[in-house]
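Student: Please take a close look at a single part of this model. I am new to the structure, so set the part in its surroundings and explain the terms as they come up.

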Amino acid sequence: MSQYDEGHTVAGWTGFGIATVGVTGIGFGICAGDALAVWGGLGVSVISVLATWALHLVGWGKPPGRRPVGQWGMRVKDLSAREGHPGCLGCRLAGRGRPAGLAVRASAESGTGEPVTESVG
């Protein structure tokens, strides 16, 4: 398994499985000319996105980038999910964490009264 094993998680595979069912429904609906099957497949596809996002937020997804070897397993729960992952769109949409590389101003920490800018990431 590589150091960049994004998607090799419970959240990723669950979302993939649900999305496969949704896309199959869309394809069947197009081939059969059944608009209800197309809309049903689209609904299942939306559910796959929401299920993947929810599982990621409770810790069954992993942040982007490198992780220690002990966290490479698919069934290892991510305990840092509550704080949010830097650079993670799903975490930002849930109101967690900050975008990667966001400048933070902390004038009180410098002691001189001048703003200090440091890069988070």
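**A helix and its surroundings**

Tutor: About 7900 Å² of the protein chain is exposed, and 65% of that area comes from carbon and sulfur atoms. Accessible areas are calculated by the Shrake-Rupley method with a 1.4 Å probe, and for residues only the protein chains shown count as cover. The model is predicted: local features need a pLDDT of at least 70 and side-chain atom pairs a pLDDT of 80 or more, while totals for chains, interfaces and linings use all residues. Residues are numbered from 1 along each chain as its sequence is written, and side-chain values use heavy atoms, leaving out hydrogens and water.

The pLDDT is the predictor's confidence in each residue, on a scale from 0 to 100. For the protein chain the average is 78, with 74% of the residues at 70 or above. Confidence is highest in helix α1 (residues 10-32), with a mean of 95, and lowest in helix α4 (residues 107-110), with a mean of 44. Across residues 103-111 the pLDDT is below 50, and this stretch has 16 contacts in the model beyond near neighbours in sequence. A contact means heavy atoms within 4.5 Å.

The protein chain has 4 helices and 2 strands, in the order α-α-α-β-α-β from the N terminus. These are DSSP runs numbered from the N terminus: helices are H or I with at least four residues, strands E with at least two.

The part to look at is helix α2, residues 35-60. At its N-terminal end D34 acts as a cap, with a side-chain oxygen 3.2 Å from the backbone nitrogen of L36. Such a polar contact is a pair of N or O atoms within 3.5 Å; within protein, one must be able to donate a hydrogen and the other to accept it, and residues adjacent in sequence count only if both atoms are side-chain atoms.

Which residues of helix α2 are buried? They are A37, V38, G41, S45, S48, H56, L57 and G59. Buried means under 20% relative accessible area, exposed over 50%, and partly exposed in between, with a 1.4 Å probe and protein chains only. Of the 121 residues in the protein chain, 25% are buried. The buried residues of α2 pack against α1 and α3 (89-93).

S45 serves as an example from helix α2. S45 counts as buried because its relative accessibility is 17%. Its contacts, apart from neighbours within four places in sequence, are A19, G22, V23 and I26. From S45 to T24 is 21 residues in sequence and 9.8 Å in space, C-alpha to C-alpha.

Helix α1, one of the packing partners, holds both W13 and F16, which are 3 residues apart, about one turn of the helix. The whole structure has 1 aromatic pair. W13 and F16 form it edge-to-face, with 5.5 Å between centres and 85° between planes. Rings of Phe, Tyr and Trp (its six-membered ring) pair if their centres lie within 6.5 Å; planes under 30 degrees apart are stacked, over 60 edge-to-face, and the rest tilted. W13 is partly exposed, because its relative accessibility is 44%.

On the other side of the account, C91 is buried at 1% relative accessibility, and C88 is buried at 9%. Their sulfurs are 3.6 Å apart, too far for a bond. A disulfide is a pair of cysteine sulfur atoms within 2.5 Å, and the count by this rule is 0.
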